[in-house]
Amino acid sequence: LPAAQAGQALLEPKRPKSRKRSKQVSHCRVCNKPLTDSKERNRGRCEGCPAPYDEELFERLREWRRHRAEADEVPAYVVFSDATLEALAEVKPSSEKDLLGINGIGETKLERYGADLMSLLTQ
């Protein structure tokens with residue numbers, strides 16, 4: 001009978017392992033209140049809190065993104081999300097290596113847009 005049970009176990013489909021979600025709550029960098037939705041968590045601040053970034057730089061980055069998206073014939077969010085541009089305007093990375101620390105920038109986007117971003121960030 002144990003051999004039959006072992007054989008049956010081989011025939012049963014395996015259930016996918018469930019991914020455990022972190023129970024850690026993200027907090028606003030400005031007021032320290034818990035962030036309630038994904039948009040707030042991506043930005044790291046509550047919707048009502050003032051922007052902790054250079055708004056002029058953010059607008060320059062948005063304008064660059066618009067032109068780049070038109071040139072590449074893709075929607076602007078494919079280039080970078082607003083949250084990524086906000087993080088760039090807040091942190092103001094000083095090297096291409098530092099750009100990799102920004103949420104939304106990986107090796108591919110660094111290779112594709114890194115030089116343009118560094119030029120904008122050092123103006």
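User: Where does lysine 92 take a positive phi, and of about how many degrees?

Analyst: Lysine 92 sits just after helix H5, and its phi is positive, about 50 degrees. Keep in mind that this is a predicted model.

User: Is H5 itself enclosed or open? Which of its residues are buried?

Analyst: Start with per-residue burial. The cut-off is under 20% relative accessible area. H5 covers residues 82-91, and seven of those ten residues are buried, so the helix is largely enclosed by the rest of the structure. The buried set is Ala83, Thr84, Leu85, Glu86, Ala87, Leu88 and Ala89.

User: What covers the buried residues of H5?

Analyst: The cover includes H2, H3, helix H6 (96-99) and H7.

User: One name in that list carries a charge. Is glutamate 86 buried or exposed?

Analyst: Buried. Glutamate 86, in helix H5, counts as buried because its relative accessibility is 8%. Next, look at its partners beyond four places in sequence. Glutamate 86 touches Arg43, Arg45, Tyr53 and Phe58.

User: How do I read the packing of H3 against H5? At roughly what angle do their axes cross?

Analyst: Take distance, angle and handedness in turn. The axes of H3 and H5 come within 9 Å and cross at roughly 135 degrees. The two helices are therefore oblique to each other. Their crossing is right-handed.

User: Which residues of H3 and H5 meet?

Analyst: First, the general idea. An α-helix has 3.6 residues a turn, so residues three or four places apart point the same way. Now the case here. From H3 come Leu57, Phe58, Leu61, Arg62 and Arg65; from H5 come Asp82, Leu85, Glu86, Leu88 and Ala89. By class, this contact has six nonpolar, no polar and four charged residues.

User: Now H3 and H7. At roughly how many degrees do these axes cross?

Analyst: Roughly 150 degrees, with the axes of H3 (residues 55-72) and H7 (residues 107-121) coming within 11 Å. The labels depend on a cut-off: over 145 degrees counts as roughly antiparallel. H3 and H7 are therefore roughly antiparallel to each other. H3 passes H7 in a right-handed crossing.

User: Which side chains face each other there? I mean, which residues in H3 meet H7?

Analyst: On the H3 side, Leu57, Arg60, Leu61, Trp64, Arg68 and Asp72. They meet Arg112, Tyr113, Asp116, Leu117, Leu120 and Leu121 in H7. The class count is seven nonpolar, no polar and five charged residues. Leu57 and Leu61 also appear in the contact of H3 with H5.

User: What about loops? Where is glycine 44?

Analyst: Glycine 44 lies in the loop between helix H2 (38-43) and H3. Its relative accessibility is 12%, so glycine 44 counts as buried. Leaving aside neighbours within four places in sequence, its contacts are His27, Cys28, Arg29 and Leu35. Also compare sequence and space. Glycine 44 and alanine 87 are 43 residues apart in sequence, and 9.0 Å apart in space, C-alpha to C-alpha.

User: Last check, the cysteines. How many disulfides are there in the whole structure?

Analyst: Zero. The test is a sulfur pair within 2.5 Å. The cysteine sulfur closest to that of cysteine 31 is in cysteine 49, at 3.6 Å, which is too far for a bond. Cysteine 49 is in no disulfide either.

User: Are those two cysteines buried or exposed?

Analyst: Cysteine 31 is partly exposed, because its relative accessible area is 33%. Cysteine 49 is buried, with a relative accessible area of 13%.

Technical notes:
Residues are numbered from 1 along each chain as its sequence is written. This is a predicted model: local features need pLDDT of at least 70, side-chain atom pairs count only at pLDDT 80 or more; totals for chains, interfaces and linings use all residues. Side-chain values use heavy atoms; hydrogens and water are left out. Axes are lines fitted to C-alpha atoms, for helices over the stretch in contact, and angles run from 0 to 180 degrees between N-to-C directions. Helices (H or I, at least four residues) and strands (E, at least two) are DSSP runs, numbered from the N terminus. Angles under 35 degrees count as roughly parallel, over 145 as roughly antiparallel, 65 to 115 as roughly perpendicular and the rest as oblique. A crossing is left-handed if the near helix is turned anticlockwise from the far one by less than a right angle, and right-handed if clockwise. Contact means heavy atoms within 4.5 Å. Ala, Val, Leu, Ile, Met, Phe, Trp, Tyr, Cys and Pro count as nonpolar, Asp, Glu, Lys and Arg as charged, and the others, Gly among them, as polar. Buried means under 20% relative accessible area, exposed over 50%, partly exposed in between (1.4 Å probe, protein chains only).
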